[in-house]
Amino acid sequence: MKLNKLLHFLFAFVLLAGIVSCSSDNDEQEVFYGNGFLIANEGTYGKPEGEVTFVSADLNLKQDDVFALNNGGAKLGDVLQMIAFKGENAYLLLNNSNRIQIVNRYNFKAAGEIRAELNSPRYMAFANNNLYVTNDKYLGDKYVSIYKASDFSFIKKISFTDAVERIVEAGNNIFVQNASFGFGNKITYINTSTNDIQSTITLPNGNINKIISNNQNVYAIASGTTDSYIYQISSAGTITKTTTLTGIANGANLEISNGKFYFSSGKNVYTMDMSATTVPTSPLFTVANSVDNFSALYGFSVINDKIFTSDSNGFKQASKIVVYSTTGSVIRTFTAGMGSNSVYPN
């Protein structure tokens, strides 16, 4: 039985309290996915289980399997690694499918795809009207593939001998993390005017766990066995500041929001002002026990006044999402897809 559009909108969602959706005419849904959050769910490696969960801004409503619901039940693909945005489009990078699915970010209808020159793609970033994608095949080729953002056509690729992992834009230039799985201390600066390597930045201490971009600077968190480090790197590729996290080993999951650093060590989550000269002596909060340490903070995102953590439960069941306030209080707990790795504002 066909329902009117208002009922389609209501039934499209799952209330976090546990009400189950029950619409059979998904092709008629007109759900607006802006003004909320998108959660990237990797799925199980080797299976087309990658999917996106939408959660409303007030965290009261959610919808799983957003891509399938708005594209005739089509599967998104294998290992949804990340989501990027440009204009009205969202770009969904499928690591083991070797594909970038492009959708309208507000209705999630398919709008194109990129397949050329992708081989185990990892992360992506936009700069100078181009899209830059890191590709790192296990025991295989490592390179950045470059595409025109206007028509997704392939431009060139830049080959590497070191790992190529996260990639960010700062000052309209591109920075590539030449470190993965906690090993490596280099970042490559690519000049987007020439699409050639400009320089290599070597961090003096620690192994890089993550790089991010904020306010036209790049920030890298690097871990050591006793201390960790947060490096600020200018858009010209120069290290301009080093914050030593004395006594905090294995720093990871760096995020920045409202002038504060957020990061983790083990199951502990810390915060400190970006201008602080002393490091926190106790965590903001500690996540609850999981099936293993790897799963406990598989996903970590900070968006304005909310901290999202994801427990992947060993990829044996749906991920548990816990949302905290910036003071460490639990706001909401719910489940998303398998292997939730990041949350994005939309």
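**Internal cavity and aromatic contacts**

In this predicted model, a search for enclosed space returned 1 cavity of 30 Å³ or more. Rolling a probe the size of a water molecule over the atoms reveals where empty space remains. The largest cavity encloses about 50 Å³ of space. Its lining consists of I39, G299, F300, S301, F308, T309, S310, I321, S340, N341, S342 and V343. Sorted by class, this lining comprises 5 nonpolar and 7 polar residues, and no charged residues are present. Three strands, β25 (299–303), β26 (306–311) and β29 (340–345), each contribute at least two residues to the lining of the largest cavity. Of the contributing elements, β29 provides the largest share, with 4 residues.

The environment of T326 was examined next. T326 is located in the loop that joins β27 (320–325) to β28 (330–335). The residue is classed as partly exposed because its relative accessibility is 30%, a value that falls between the 20% limit for buried residues and the 50% limit for exposed ones. When residues up to four places away in sequence are left aside, T326 is in contact with Y262, L284, N304, D305, K306 and I307. By contrast, the C-alpha atoms of T326 and L76 are separated by 33 Å, the two residues being 250 positions apart along the chain.

Aromatic interactions were then considered, and the structure was found to contain 15 aromatic pairs. One of them, formed by F263 and Y270, is stacked, with a centre-to-centre distance of 5.6 Å and an angle of 15° between the planes. Both partners fall under the 20% limit for burial: F263 counts as buried because its relative accessibility is 0%, and Y270 counts as buried because its relative accessibility is 9%. An edge-to-face arrangement is found for Y298 and F315, whose ring centres lie 5.2 Å apart and whose planes meet at 85°. This pair links distant parts of the chain, 17 residues apart, with Y298 in the loop between α3 (293–296) and β25 and F315 in the loop between β26 and β27. F315 has a relative accessible area of 22% and is therefore partly exposed.

Two further arrangements involve aromatic rings. Y33, F54 and F108 together make up one aromatic cluster. In addition, the charged end of K157 is positioned over the ring of Y143, at 4.4 Å from the ring centre.

Note on methods
Residues numbered from 1 in each chain as written. Predicted model: local features only at pLDDT ≥ 70, side-chain atom pairs only at ≥ 80, totals over all residues. Heavy atoms only, no water. 1 Å grid on protein atoms, 1.4 Å probe; cavity = no way out; pocket = protein on both sides within 12 Å on 5 of 7 lines; lining within 4 Å. Points joined across faces, edges and corners; volume = space filled by probe spheres on them. Nonpolar A, V, L, I, M, F, W, Y, C, P; charged D, E, K, R; others polar. Buried < 20%, exposed > 50% of the residue type's maximum accessible area, 1.4 Å probe, protein only. Contact = heavy atoms within 4.5 Å. Phe/Tyr/Trp six-rings, centres within 6.5 Å; stacked < 30°, edge-to-face > 60°. Lys NZ or Arg CZ within 6 Å of the ring centre and 35° of its normal.
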